[in-house]
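Please look over the sequence and the structure shown below before reading on. The report that follows moves from cysteines to the chain as a whole, and then to the packing of helices.

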Amino acid sequence: MAQGATRPEELRGLTGPGRVVALARPAPMPLPAPAPAFAPAPAPAFAPAFAPPSVDPCAEPADAGLVALLGAGRCLRAGILPWRRVGGAVVILAPDEGALVRHAALLAPLGPLRFAPCPTPVLRAGLRQAAGALLVHEAETRTPDADSCRTLPLHQARRLLPVLAVLVPLVLAWPVGALAIGVTCAAVALLLTASLRLAALCASRLRPPDAPDGTGPVPARLPVISLLVPLLHETGIARTLMARLEALDYPRDRLDLCLILEEADTLTRDALMALDLPAHAQVIEVPRGTLCTKPRALNFALDFAQGSIIGIYDAEDRPEPDQLLQVARRFARAGPDVACLQGVLDYYNHGSNWLARCFTLEYGSWFRVILPGMVRLGLAIPLGGTTLFLRRHAIEAVGGWDAHNVTEDADLGIRLYRRGYRTEMLDTVTAEEANARAWPWIRQRTRWLKGYALTWAVHMRDPRRLWHELGAWRFLGVQVVFLGTLSQFLLAPLLLALWFLPLLGAVPFPRAAIWALLGLFLMAEGVNAVAAGLGAIRSGKARLMTAIPLLHLYFPMATVAAWRALAQILVAPFHWEKTAHGIFAPTRPPLGAALTRPAGRPRRRS
């Protein structure tokens, strides 16, 4: 058996009607004597007598050098595989002869060609086997160097450690001055972030939506939508996930479901083996590489996807049944500059505990108030990690996802705007599972804030270029959203300490400054409370407003996460801290509730 292929007996339950990548394959058939070679032409003709029988590229692997000459990703997208050079001609495997005509320019460097038929699933399996390392390398480096955090000189950040060692004695020697500088920076960050949130809140309330909604007539011919669903160590939720995705109201012949697994993730593979996958599903196994991140998996799967619209879901998602129809309608009516539609995210286990209630309030204010307001203000918005839908040509034009960025969604949102595209909000909801345990919440928020820091550093590598591509208004918005958010959490202890100093009889600032800081603090807290309350009302969860005072205990945890993120940038900038799913059951029984676990009963972590 060829190395890297999966044994058929390991795939019980996956080789039914569903399409499986790099799985089953037909028996190999030998090639006949070489036929006369020909050079690619605008309309080449193939005599049936010279057409060889099917070739099994898994049993007889393709020449990786030929694949590298054309590019593994290009071959995969084109649906062709340069197999081997036989009798002076390169044998091209493809589902039909027309592929050689359609991709004559791509095949031109190979010289004389011969055609051999090969079914698409087998061709993809053979391509993955022959050029898996090339595909992985392309997935990890798909984003250009200038736009990726992988080329940031993060190792030089460690040189700042001696500087910090010098600053500590200075702070101890001049504590009042150091506190004044720190509090001033924290106050500026708080003022900017609160002002942005206030402007977004007003825009979401007072200005009507400028874009069409997802209602209206269904397009005469619906687009093919590929749903990319990255899975990692998802054993207890796989069946529930499939039940929720199968509830989507969209023609199955226009739906391409891509379940993405890491090659070493036998747990999730075994869980999927027990399911009867539908005909529109394909399982994509990502080979090992230099890192293991969600964006790397998305990049690898993108070339396997068949749709003109690419959607992203997470393992615990519960989308509204008509969500894809809304996406199709909206894109049909939107202008060509609209590259992405971002849906609303909410939590279905908001009643699990106080942390879940606060998390739901935060998401409600962000996705139902702040983001819509930012869109209407014309600002570039960071995307959410799920329920976002992209025009395929746009995601390919900007270089896919940055495989090394642990908040690839936020980075992608800014890159789309820098290339002249726009993102619009879509009034459709996907419910998720709130991460409602303190330490896992801090770990998840660490990854988010670390990604914010990396995203800001990448886009500020050339501030003049960023200003030119975004304009002054959006440039300022990027500074507030990313740098302002980070600074606010990192410096929050200084503002907190300021209120305790009077208890110790020490007031290092003039009375006017204290009153100004108090007014700023009350304004920021008022904006946060109103945004949280408005988000709760818009989500139909007005009762959660009673939990708004608990946000004063909730957000300080982000300070711990921010300092962890800063430390990880120095030692593990690309490390992905996985969030476990299937821990809490929904507050109200949703679709597939019979398949979920009881509340508070955790599954085994791998």
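The structure holds zero disulfides, a disulfide being a pair of cysteine sulfur atoms within 2.5 Å. In general terms, a disulfide is a covalent bond between the sulfur atoms of two cysteines. Cys 149 counts as buried because its relative accessibility is 0%, and Cys 358 is buried with a relative accessible area of 0%; buried means under 20% relative accessible area, exposed over 50%, and partly exposed in between, with a 1.4 Å probe and protein chains only.

This is a predicted model, in which local features need pLDDT of at least 70 and side-chain atom pairs count only at pLDDT 80 or more, while totals for chains, interfaces and linings use all residues. Residues are numbered from 1 along each chain as its sequence is written, and side-chain values use heavy atoms, with hydrogens and water left out.

Of the 606 residues of the chain, 54% count as buried. The secondary structure comes to 20 helices and 12 strands, where helices (H or I, at least four residues) and strands (E, at least two) are DSSP runs numbered from the N terminus. Among contacts (heavy atoms within 4.5 Å) between residues at least 6 apart in sequence, 79% join residues at least 24 apart.

In helix H8 (residues 238-246), the buried residues are Ala 238, Thr 240, Leu 241, Met 242, Arg 244 and Leu 245. Their cover includes strand S5 (225-230), strand S6 (255-262), helix H9 (266-273) and strand S9 (318-319).

Helix H17 (residues 472-500) takes part in two helix packings, with helix H20 (residues 556-571) and with helix H16 (residues 463-470). Axes are lines fitted to C-alpha atoms, for helices over the stretch in contact, and angles run from 0 to 180 degrees between N-to-C directions.

| Helix pair | Axis distance | Angle |
|---|---|---|
| H17 and H20 | within 8 Å | roughly 120° |
| H16 and H17 | 6 Å | about 125° |

H16 is therefore oblique to H17, given that angles under 35 degrees count as roughly parallel, over 145 as roughly antiparallel, 65 to 115 as roughly perpendicular and the rest as oblique. Their contact is made by Pro 463, Leu 466, Trp 467 and Leu 470 of H16 and by Ala 472, Arg 474, Phe 475, Val 478 and Gln 479 of H17.

H17 and H20 are likewise oblique to each other. This contact involves Phe 489, Leu 490, Ala 492 and Pro 493 of H17, together with Ala 558, Thr 559, Ala 562 and Trp 563 of H20.
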